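Please open the model in your viewer with a cartoon representation, and keep the selection panel at hand. The tour goes from one selection to the next and says at each stop what is to be found there.

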Number of protein chains: 2
Amino acid sequence: MLSQPAESPSARGVIDALRRLVGESHVLVDPAERAGHEIDWTGRFQGRALAVVRPADAGEVRAVLRLCNEAGIGVVPQGGNTGLVGGGVPRDGEVVLSLLRLRDIGPIDPVAAEVTAGAGVTLGDVQRHAAAAGWAFGVDLASRSAATVGGMIATNAGGLNVLRHGPMAAQVLGVELALADGGHIERIAAPHKDTAGYDLAALVTGSEGTLAVVTRARLRLVPRMTARAVAVIGLPDTAAAVSLVGRLQARLPSLVAAELFFEPGVELVVRHAAGRRPFEAIAGAYLLVECADLASPLDDLAAALSDEPSIVDIAVATGASDRLGLWHLREAHPEAIAREGVPHKLDIAVPTGRLADFVAMVGPAVAAVVPAARVHVYGHVADGNLHVNVLGPGPLDDAVDDAVLRLAIELGGTISAEHGIGVAKVAWLSLVRGADDTAAMAAIKRALDPRGILNPGVLFPVG
Amino acid sequence: MLSQPAESPSARGVIDALRRLVGESHVLVDPAERAGHEIDWTGRFQGRALAVVRPADAGEVRAVLRLCNEAGIGVVPQGGNTGLVGGGVPRDGEVVLSLLRLRDIGPIDPVAAEVTAGAGVTLGDVQRHAAAAGWAFGVDLASRSAATVGGMIATNAGGLNVLRHGPMAAQVLGVELALADGGHIERIAAPHKDTAGYDLAALVTGSEGTLAVVTRARLRLVPRMTARAVAVIGLPDTAAAVSLVGRLQARLPSLVAAELFFEPGVELVVRHAAGRRPFEAIAGAYLLVECADLASPLDDLAAALSDEPSIVDIAVATGASDRLGLWHLREAHPEAIAREGVPHKLDIAVPTGRLADFVAMVGPAVAAVVPAARVHVYGHVADGNLHVNVLGPGPLDDAVDDAVLRLAIELGGTISAEHGIGVAKVAWLSLVRGADDTAAMAAIKRALDPRGILNPGVLFPVG
């Protein structure tokens with residue numbers, strides 16, 4: 001056990017020392033003040049923090065880490081607390097290290113197409129800051145108002161435009177890191193291409209706060225596309241949707257999104273979230289595609305779809321409100337599903353060639369453990385990434401997760417495409433990563449965090 | 001000293017054991033057979049190998065590593081041997097592990113836009129294989145006929161199209177790794193987005209064979225652009241070129257290259273390499289830009305350049321041979337410079353805002369140590385990456401490298417943008433990476449290669 005019980009004299013000493021480092025008002029020990037930092041937004045993950053510490057800058061972050069490392073106290077880095085796998089809330093008596101005060105954002109560099117932002121800057125702020133200078137940021141997520149740069153790097157966030165711009169890993173050009181022992185790695189000022197040593201920015205991206213704490217990052221920007229076209233296409237089945245996306249990717253450089261969903265989800269969005277059907281026909285699979293360019297991509301999109309015999313029906317939008325209406329059919333899925341109960345949410349991915357198999361097999365796989373469960377599936381075709389939402393007749397246990405995750409692995413896929421492992425999927429990590437792979441990851445963890453204070457319980461089992 | 005002298009009984013035992021693992025004809029011990037593997041193509045780096053071993057597949061690679069690890073013999077992984085920093089040739093008695101027999105290349109997956117290739121597949125083969133299926137690969141280099149997938153990953157190769165598609169790191173979706181102790185990490189079959197644990201593919205990319213040996217990789221493909229336009233633009237100075245590239249990047253999503261060069265280089269290309277001047281005027285800086293799209297990008301390029309008052313003169317090409325003629329002015333620089341002597345070649349990068357300062361300061365910095373030296377500079381504007389070629393009146397020593405690398409660091413830059421550290425720049429690594437950073441890298445090295453057999457002397461000083 002790394003953590004000290006909050007009542008012990010040594011815990012009180014640590015709290016006093018933390019107050020000296022960051023100021024009394026930024027060490028939250030009152031249960032009411034801690035509460036919002038101790039539970040994730042789904043309500044599934046919750047724990048008790050020794051304290052919530054809010055350092056003002058990178059220097060204070062390092063000082064807090066040095067102190068906790070010497071005291072042997074676990075530290076849970078936290079950004080916007082929008083995670084889905086329990087990686088950003090305390091387990092038992094850790095210090096929650098909130099990065100929300102690291103909000104500095106630098107000027108846009110138009111030649112290098114980049115910007116430097118503190119760990120606590122939200123995605124929405126990055127997007128607005130870039131747009132004001134005529135640029136865009138390559139990652140977009142529904143939680144844009146709360147998700148932070150630090151959290152998105154820690155989880156290698158994905159989202160809606162990965163097929164065009166890649167996940168967060170593709171946007172991170174440099175980082176400033178605070179190490180477990182309070183050490184300092186500064187790789188912010190360097191240019192885009194830098195092959196002097198290991199790419200530690202890439203290593204920490206997706207490491208879920210277990211190797212180091214990101215205090216600042218230099219982020220790639222992309223040209224802002226002002227002309228857009230969106231289509232929702234009805235197709236006979238998943239295989240037809242996957243195959244169509246392959247052809248569109250080769251023909252349409254302007255393609256930025258290709259989202260898949262199904263009739264049961266459309267029904268829920270119509271019933272609970274004011275969704276409007278795109279067309280009369282009931283399709284076996286719905287594919288939403290978006291193109292973005294400087295000039296209207298509508299003609300290119302129409303041409304690419306014109307000789308596709310498998311299309312059941314199609315709705316196309318170029319005006320902003322019509323586009324939002326089509327996107328709403330897809331984006332309102334989580335909200336509409338939540339109206340039916342508390343789902344288990346799993347973000348698997350499989351090779352795109354097995355997507356249709358996964359869609360066909362996931363219902364029976366879940367039914368084998370919970371016959372009355374309902375399964376809603378939607379996701380990002382080109383990434384092979386599907387969000388599986390399982391609603392039970394009552395509370396569900398891990399058997400549902402086990403069935404879904406094992407199916408993904410059986411089809412050559414992975415147990416996490418964008419949420420991460422956190423504490424939620426530690427038990428399944430060894431199924432998707434071989435013994436030598438897991439041992440290599442553990443060796444890297446020990447190399448950078450020998451006392452194991454950084455996010456204990458995440459990725460690796462405690463003790 | 002890890003290495004065994006070739007004559008010792010234990011060395012003979014290792015060679016016999018290697019022969020049993022990969023077959024007698026694939027363990028080269030004859031000096032004449034070894035020779036091509038023991039010297040780099042510039043002739044600057046040369047050493048003696050205990051043997052050159054050519055495994056047939058990943059299993060044999062792992063077996064060779066296991067044997068060498070147990071025997072404590074250094075291993076130098078080698079691909080096409082096109083490196084420029086001595087990282088791919090032996091230092092003293094290591095086993096050279098040639099990956100050239102790992103040449104399998106899989107079918108193109110058009111939905112995921114990817115292909116799997118063995119470490120020994122050349123860049124040219126990847127490009128042809130992709131093109132035959134209507135796709136392209138995002139990285140291009142002059143050494144395409146010899147550079148291999150494994151070597152390009154090990155060095156995080158850059159090249160001509162980084163501003164559009166990123167360096168090799170942005171193309172690597174998955175890897176199969178052989179570990180120092182013969183262990184096996186398999187991250188090939190997984191989908192694009194995979195956040196289950198640390199991104200070991202990203203960690204080994206650019207690690208110069210010091211952490212693991214890449215045996216296979218899954219590579220991202222990009223849409224093939226068939227319409228191209230190239231312009232060479234004369235500008236008053238470097239600052240004007242940098243500023244113009246910033247505006248073009250924001251306005252031209254089709255921009256794929258922005259290359260900078262200068263009058264002394266143009267003169268050499270005209271004199272030694274059959275170059276033709278793009279226009280009459282002598283410009284302070286020459287900027288080559290290329291746009292690529294499905295439809296002709298010429299109108300967009302012309303429009304973007306039409307209201308640029310700083311342009312001295314301009315030559316535009318759309319036909320294939322005219323385009324090649326303009327590109328030749330830039331691509332023939334190395335050949336033309338080599339006709340004048342053996343240059344020291346340094347691939348620094350600085351933040352783009354300091355590019356003009358670097359260009360102004362590098363000549364005086366070199367002259368301070370070798371007054372009669374000539375300095376030729378060219379490179380990739382958007383990446384902040386300049387190739388500095390120094391020609392001496394006679395042989396040059398490390399004082400020239402020191403002056404150039406220190407200037408890059410002083411301007412906030414790095415000592416390697418795409419060649420790597422190898423053995424050539426080990427002495428300068430601690431100038432660009434802080435003490436905590438260097439210690440973290442060394443800890444990662446020890447974690448994955450505890451006996452230090454993988455490419456000893458590269459990145460870190462020996463012993």
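Select helix H2 of chain A, residues 31–38, in this predicted model: the helix lies across S1, S2, S3 and S4 of chain A, and its direction runs at about 95° to S2(A). Add helix H3 of chain A, residues 58–71, which lies across S2, S3 and S4 of chain A and runs at about 165° to S4(A).

Now hide the two helices and show the strands beneath this selection. Four strands of chain A form an open sheet in the order S1-S2-S4-S3, and the pairing in this sheet is mixed. Strand S1 (27–28) and strand S3 (75–78) of chain A stand at the edges, where each has a single partner strand, so one side of each is left without a neighbour in the sheet. Between strand S2 (residues 48–53) and strand S4 (residues 92–98) of chain A the pairing is parallel and extends over five bridges; to look at one residue pair, pick Val53(A), whose bridge partner in S4(A) is Leu97(A).

Move next to the other sheet on this tour. Seven strands of chain A form an open sheet in the order S13-S10-S12-S11-S15-S16-S14, with antiparallel pairing. Here the edges are strand S13 (313–317) and strand S14 (344–349) of chain A, each with a single partner strand, so one side of each has no neighbour in the sheet. From one strand to the next, the twist averages 15°.

At the S14 edge, select strand S16 (residues 385–391) of chain A as well: six bridges join S14(A) to S16(A), and the two strands run antiparallel. Within this pair, Leu346(A) stands opposite Val388(A) in S16(A). Then bring in helix H9 (residues 263–272) of chain A, which packs on the sheet and touches strand S11 (255–261), strand S12 (285–293) and strand S15 (374–380) of chain A; the direction of H9(A) makes about 95° with that of S15(A).

The next stop concerns helix-to-helix packing. Two packed helices are described by the angle between their axes and the distance between the axes. Select helix H8 (residues 238–251) and helix H13 (residues 355–367) of chain A, whose axes come within 8 Å and cross at roughly 155°. H8(A) and H13(A) are therefore roughly antiparallel to each other, and their crossing is right-handed. Showing side chains, you will find Thr238(A), Ala239(A) and Val242(A) in H8(A) meeting Leu355(A), Ala356(A) and Val359(A) in H13(A); by class, this contact has five nonpolar residues, one polar residue and no charged residues.

Keep H13(A) selected and add helix H14 (residues 398–410) of chain A, which packs against H13(A) at an angle of about 145°, with the two axes 9 Å apart. This crossing, too, is right-handed. On the H13(A) side the residues in contact are Phe358(A), Met361(A), Val362(A), Ala365(A) and Val366(A), and they meet Ala403(A), Val404(A), Leu407(A), Ala408(A) and Glu410(A) in H14(A). Which classes of residue make up the contact of H13(A) with H14(A)? There are nine nonpolar residues, no polar ones and one charged residue.

Finally, display chain A and chain B together. A rotation of 180°, with 0.0 Å of shift along its axis, superposes chain A on chain B with an RMSD of 0.0 Å. The two copies are thus related as by a two-fold rotation axis, and the same surface serves both copies, given that 100% of the contact residues of chain A recur in chain B.

Note on methods. Residues numbered from 1 in each chain as written. Chains lettered and ligands numbered in written order. Predicted model: local features only at pLDDT ≥ 70, side-chain atom pairs only at ≥ 80, totals over all residues. Heavy atoms only, no water. Axes fitted to C-alpha atoms, helices over the stretch in contact; angles between N-to-C directions. Parallel < 35°, antiparallel > 145°, perpendicular 65-115°, else oblique. Left-handed = near helix turned anticlockwise from the far one by under 90°. Contact = heavy atoms within 4.5 Å. Nonpolar A, V, L, I, M, F, W, Y, C, P; charged D, E, K, R; others polar. Pairing = 2+ DSSP bridges. Least-squares fit on C-alpha atoms with pLDDT ≥ 70 in both.
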